[in-house]
Amino acid sequence: MPSVVKINVLTVPAEQREVLEQRFAARAGSVEGSDGFEWFELLRPLEGTDQYLVYTRWRSEEDFQNWMNGSMKAAHQGGGERPKPAATGSTLWSFEVVQTTSPKN
């Protein structure tokens with residue numbers, strides 16, 4: 001069964017970029033132990049857009065859904081006052097890995 005890639009497209013105003021990156025750095029380790037998790041990357045735009053890409057790769061759609069409905073949901077429902085979101089918009093793209101390659105040794 002091919003892996004599943006989820007790309008969360010976050011619209012982030014310029015003045016919120018540092019806040020977003022700091023929040024992701026602070027959550028380091030929160031997804032890595034999840035069953036079926038394979039990869040994570042936070043991609044900063046270089047030019048022409050205010051959209052960051054949050055790339056995650058999962059063994060299966062079921063593993064992603066289990067994470068979304070489990071530890072991710074719990075982390076985003078924390079008690080107390082929540083800080084203002086750094087992103088002004090979010091869209092989730094889903095892909096199935098059809099081909100992959102890596103550098104030759």
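Is Lys6 buried or exposed? I started my notebook with that small puzzle, and Lys6 turns out to be buried, with a relative accessible area of 4%. A reminder to myself before going on: this is a predicted model.

**Entry 1: the partner of Lys6**

I looked for what the side chain of Lys6 meets, and found Glu61, in a salt bridge of 2.8 Å, N to O. Glu61 lies in helix H2 (residues 61-76) and Lys6 in strand S1 (residues 4-11), so this pair ties together parts that are 55 residues apart in sequence. I then checked the cover over Glu61: with a relative accessible area of 32%, Glu61 is partly exposed. Lys6, as noted above, is buried.

**Entry 2: other salt bridges**

How many salt bridges does a search of the whole structure find? I got five. A background note I keep handy is that side chains of opposite charge can pair when their charged atoms come close.

Next I went to Arg44, whose side chain meets that of Glu21 in a salt bridge (2.7 Å, N to O). This pair links distant parts of the chain, 23 residues apart: Arg44 is in the loop between strand S2 (37-43) and strand S3 (51-58), while Glu21 is in helix H1 (residues 17-26). Arg44 counts as partly exposed at 49% relative accessibility. Glu21 is partly exposed too, with a relative accessible area of 23%.

Then I turned to Asp35, which forms a salt bridge with Arg59; their closest N and O atoms are 2.9 Å apart. Here again distant parts of the chain are linked, with Asp35 in the loop between H1 and S2 and Arg59 in the loop between S3 and H2, 24 residues apart. Asp35 is exposed, at a relative accessible area of 56%, whereas Arg59 is partly exposed, at 39%. I followed the charges one step further and found Asp35, Arg59 and Asp63 linked in a network of salt bridges.

**Entry 3: strand S1 and its neighbours**

Lys6 made me curious about the strand around it. I found S1 mostly covered, with seven of its eight residues buried.

Which strands are joined to S1 by bridges? I found S3, joined to S1 by eight bridges, the two running antiparallel. I also found strand S4 (residues 89-96), again with eight bridges to S1 and an antiparallel run. Thr11 makes a handy spot to see both pairings: its bridge partner in S3 is Gln51, and its bridge partner in S4 is Gly89.

**Entry 4: a stop at Gln16**

I paused at Gln16, in the loop between S1 and H1. Gln16 is buried, with a relative accessible area of 16%. Which residues is Gln16 in contact with, leaving aside its neighbours within four places in sequence? I listed Lys84, Pro85 and Ala86.

**Entry 5: the nonpolar cores**

Ala86 came up again when I looked for nonpolar cores. The largest one has seven residues: Leu10, Val12, Leu20, Phe24, Tyr52, Val54 and Ala86. H1 and S3 each supply at least two residues of this core. I picked out Phe24 and checked what it touches; not counting residues up to four places away in sequence, these are Leu10, Phe40, Leu42 and Val54.

Apart from that core lies another one, of five residues, including Val31, Trp58, Phe64 and Trp67. My background note here reads that in soluble globular proteins, nonpolar side chains tend to be buried together.

**Entry 6: rings around Trp58**

I searched the whole structure for aromatic pairs and found five. One of them is Phe37 with Trp58: the ring centres are 5.5 Å apart and the planes are at 75°, so the pair is edge-to-face. Phe37 lies in strand S2 and Trp58 in strand S3, so parts 21 residues apart in sequence are tied together. Phe37 is buried, with a relative accessible area of 18%, and Trp58 is buried, with a relative accessible area of 0%.

Trp58 also pairs with Phe64; their ring centres are 5.8 Å apart and their planes at 70°, so this pair is edge-to-face. Like Trp58, Phe64 is buried.

Which aromatic cluster does Trp58 belong to? I closed the page with the full list: Phe37, Trp58, Phe64 and Trp67 form one aromatic cluster.

Definitions and conventions:
Residues are numbered from 1 along each chain as its sequence is written. This is a predicted model: local features need pLDDT of at least 70, side-chain atom pairs count only at pLDDT 80 or more; totals for chains, interfaces and linings use all residues. Side-chain values use heavy atoms; hydrogens and water are left out. A salt bridge is a side-chain nitrogen of Lys or Arg within 4 Å of a carboxyl oxygen of Asp or Glu. Helices (H or I, at least four residues) and strands (E, at least two) are DSSP runs, numbered from the N terminus. Buried means under 20% relative accessible area, exposed over 50%, partly exposed in between (1.4 Å probe, protein chains only). Contact means heavy atoms within 4.5 Å. A nonpolar core is a set of buried Ala, Val, Leu, Ile, Met, Phe, Trp, Tyr and Cys residues joined through side-chain atoms within 4.5 Å. Rings of Phe, Tyr and Trp (its six-membered ring) pair if their centres lie within 6.5 Å; planes under 30 degrees apart count as stacked, over 60 as edge-to-face and the rest as tilted. Two strands pair if DSSP finds at least two bridges between them.
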